[in-house]
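This report describes one protein chain, going from a strand and its partners to the chain as a whole. The structure is shown first.

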Amino acid sequence: MTGNPPRGGGSAGKGSGRGPDKGAGKTVGKGSGRPPAAKSAAGKAAAGKAAFGKSASRGPRAGGPGKPRFGRPERAGTGPRSSALDAAQRAAQLRGDDATGRSPWGEVEGAEPAPRPARAPRRPAPEEHASTEQTRAEPSRTKPAIARATRPRPADEMPAPLAEGPTRRQQRAAASATLASGVQTLTVETDEAGMRIDRFLTARFPQLPFARVQSIVRKGELRVDGKRAKPNDRLEPGMAVRVPPLKLDQPADRPRNPVRDQNDAEYIRSLILYEDADMMVLNKPFGLAVQGGSGTVRHVDGLLEALAGPDGQKPRLVHRLDKDTAGCLIVAKTRVAAATLAKSFRSRAARKIYWALTAGVPRTPQGRVSTYLVKEEPTDADARMRIAQHGEEGATHALTYYATVDQAAQKVSWLSFKPVTGRTHQLRAHAAHIGHPIVGDPKYFSVENWALPGGIQNRLHLLARRIVIPHPRTGKPIDVSAPLPPHMAQSWNLLGFDAARYDPIVDAPEA
């Protein structure tokens, strides 16, 4: 058994240019537990070269070989005086960190062991120096370090959950602020597919009056993918809607009144004819507007605010009824349901039946009315509709089927309507067009020398009696009927009409 040669002395300490033998490579790469004294001098020099990338070139240690230095026994010449682990521990102590019980690399999750030294001499990376020396010096501490790195973190060390995004109400407020300050480009979302451009703006900017929205679109101030848009244009996901800068009246930060909200919520719930998780059908009373406008403070859309959830989202209107028309009004509870129901109206998958009390008795008990309608005043959202010619600017086709259910003394008739299209004031304009306007209609009733029968109120006698529409989620038909409003029920009683009488309009064509 040979003694330890002095470092840098003898042929074993010089780099001979040969790579380490297989035994030395295994010892360094795998951290063998064999004592270093059992190695030959050449194996020691080769191991040191593989671990640190250079041969030992230092002169003999002070005191000569085999002599103790500062009263301590000399260590085997297998590496530097202090290992990388010792250096890391001393640095940690200087920082005030207790690193005696852990490995400086043990907390790195997913760390791989140091690679096996190559056969040819090379200069390894600093990480390899540290990993190799730690493995050779303390092989028994490797597994505990890995175990500590892979065990799950305690609950108090888990990262905090991500903060919730802005609510829908906050998004609308931010959009309104941006709209008032300058030009804004909006991107159509997936659940807004198929919406009309004017409805899209009304939903995004509730502070903007609907008449103002129509004025913006009509003047060409609104652009969709760089092109001018019409009020009835439909949007698709991903489209870019450019909105011009507007000066909006800043809404007053009026605190919500809990008592008023509770009363509004109870009133809306009292109107429900049908309700599930996706939609509800309201029995809109006579005289209650569906949406706000000039001088209109109380309306269905505003009352639905009382049913808004914690995120600020409220039920959404799917279609409209005139202020003085009573009956079935569909409201969606989610944006997805609103888009699906609106698509059912556009595709004419919804079936609607209206009841009306009209002046006179039609000569043809059942018939079909097909005309073109256009507004007399395009700038007025609630303007009177008139019969137009095909090709006239702004004219749209309107189709209605009607049937006479009953009549009283050739004076008034109970007519049932099935509109195929859904134009503004369509039934009122068509009833006047065939010479039998609806009783109590202030816009279209123009029969001369006609007196209102005694006991009948001078109110619009028009009811959205029944609606059948596919459910937005299941696709099954939802069939809902509304009762007669008080003033129509009074007229039916005076005239002897039976609301349970068979309605022949159900046999009318669907298109």
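Strand E12 covers residues 396-408, and ten of its 13 residues are buried, so E12 is largely enclosed by the rest of the structure. The model is a predicted one.

**Strand E12 and its partners**

E12 is paired with strand E10 (residues 366-375), the two running antiparallel. E12 also runs antiparallel to strand E13 (residues 412-419). The two pairings are set out below.

| Pair | Bridges | Direction | Opposed residues |
|---|---|---|---|
| E10 and E12 | eight bridges | antiparallel | Arg368 and Tyr401 |
| E12 and E13 | eight bridges | antiparallel | Tyr401 and Lys418 |

Tyr401 of E12 thus appears in both rows: Arg368 stands opposite Tyr401, and Tyr401 in turn stands opposite Lys418 in E13. In a regular strand the side chains alternate between the two faces of the sheet.

The connection between E12 and E13 is a hairpin, with three residues separating the two strands. Ala409 lies in the turn of this hairpin and has a positive phi of about 55°.

**Helix H7**

Helix H7 spans residues 197-204. Six of its eight residues are buried, so H7 is largely enclosed by the rest of the structure. The buried residues of H7 include Ile197, Phe200 and Leu201. Asp198, Thr202 and Arg204 of H7 are buried as well.

**Lys314**

Is Lys314 buried or exposed? Lys314 has a relative accessible area of 15%, and buried means under 20%, so Lys314 counts as buried. Lys314 sits in the loop between helix H10 (300-303) and strand E7 (316-317).

Which residues does Lys314 touch, leaving aside those up to four places away in sequence? They are Asp301, Leu304, Glu305 and Ala308. For Asp301, the side chain of Lys314 reaches the backbone oxygen at 3.0 Å. For Glu305, a polar contact of 3.3 Å joins its side chain to that of Lys314.

**The chain as a whole**

The protein chain contains 13 helices and 15 strands. Of its 511 residues, 37% are buried. Among contacts in the chain with a separation of 6 or more, 66% are between residues 24 or more positions apart. The accessible surface of the chain comes to about 29000 Å², and carbon and sulfur atoms account for 51% of this surface.

Definitions and conventions:
Residues numbered from 1 in each chain as written. Predicted model: local features only at pLDDT ≥ 70, side-chain atom pairs only at ≥ 80, totals over all residues. Heavy atoms only, no water. Buried < 20%, exposed > 50% of the residue type's maximum accessible area, 1.4 Å probe, protein only. Helix = DSSP H or I, 4+ residues; strand = E, 2+ residues; numbered from the N terminus. Contact = heavy atoms within 4.5 Å. Areas by Shrake-Rupley, 256 points an atom, 1.4 Å probe, with all protein chains shown as cover. Pairing = 2+ DSSP bridges. Polar contact = N/O pair within 3.5 Å; in protein donor to acceptor, adjacent residues only side chain to side chain.
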